[in-house]
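Trainee: I am new to this structure and would like a close look at a single part of it. Could you take me through one strand and its surroundings, step by step?

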Amino acid sequence: MPVYERRILIPAPAAQVFAWHERPECLRKLIPPGDPVRVLEAEGGIRNGGRVVLLVGVFPFRMKWVALHRDYIPGRQFRDEQIQGPFRRWVHTHSFVDDGPNASWLIDHIEYDLPFGPLAELLAGWFVRRKLDRMFAWRHEVTLPSPLNTSHAG
């Protein structure tokens, strides 16, 4: 199963970065401009049981993407897991780890499977990784100012 991970060192404590992600308007700010993504519903925030419904893609290839939040640990982590959408499997873990008193790592770890399995990975894996790189570059740029940004796709 493909794994994508991107981490960024942010000049703020983990608790502050986590609190930024808990704000109701956060999800909309994290969607890159021009991306064909619209938030249809967002209930319960990032806490366990929170639910997000997105409309992704362009006509005639639009589809709903429904994700549930789970594994909420205040100030440290939360996960969103796709229950309906474009992937066969998608589990996104957001982790927040202090690096001294005034900095922290924001780590996005995604385990995913494309529809149609290995054939899709062979034909479209590069496209998915490029899209994830662009999306997380934007997300990390708008989260808080950050001097260090690293990524790894495997």
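Mentor: In this predicted model, a good place to begin is Val53, whose bridge partner in strand β4 is Val66. That pair belongs to a wider pattern, since six bridges join β3 to strand β4, which spans residues 63–73, and the two strands run antiparallel. Together, β3 and β4 form a hairpin with six residues between them, and within the turn Gly57 has a positive phi of about 90°.

Strand β3 also pairs with strand β2, which covers residues 37–43: six bridges join β2 to β3, and here too the strands run antiparallel. One of the residues to look for in β2 is Val37, whose bridge partner in β3 is Val56. With β2 and β4 both located, you can turn to how β3 itself is placed. Of the six residues of β3, residues 51–56, five are buried, so the strand is largely enclosed by the rest of the structure.

For another buried position, move along the chain to Asp108, which lies in strand β7, residues 104–113. Its relative accessibility is 3%, and because buried means under 20%, Asp108 counts as buried. Setting aside neighbours within four places in sequence, Asp108 is in contact with several residues, among them Tyr4, Arg6, His92, His94 and Phe136. His140 is also in contact with Asp108, and the side chains of Asp108 and His140 make a polar contact at 2.7 Å. As a last distance to trace, the C-alpha atoms of Asp108 and Ile31 are separated by 15 Å, the two residues being 77 residues apart along the chain.

Methods
Residues are numbered from 1 along each chain as its sequence is written. This is a predicted model: local features need pLDDT of at least 70, side-chain atom pairs count only at pLDDT 80 or more; totals for chains, interfaces and linings use all residues. Side-chain values use heavy atoms; hydrogens and water are left out. Buried means under 20% relative accessible area, exposed over 50%, partly exposed in between (1.4 Å probe, protein chains only). Helices (H or I, at least four residues) and strands (E, at least two) are DSSP runs, numbered from the N terminus. Two strands pair if DSSP finds at least two bridges between them. Contact means heavy atoms within 4.5 Å. A polar contact is a pair of N or O atoms within 3.5 Å; within protein, one must be able to donate a hydrogen and the other to accept it, and residues adjacent in sequence count only if both atoms are side-chain atoms.
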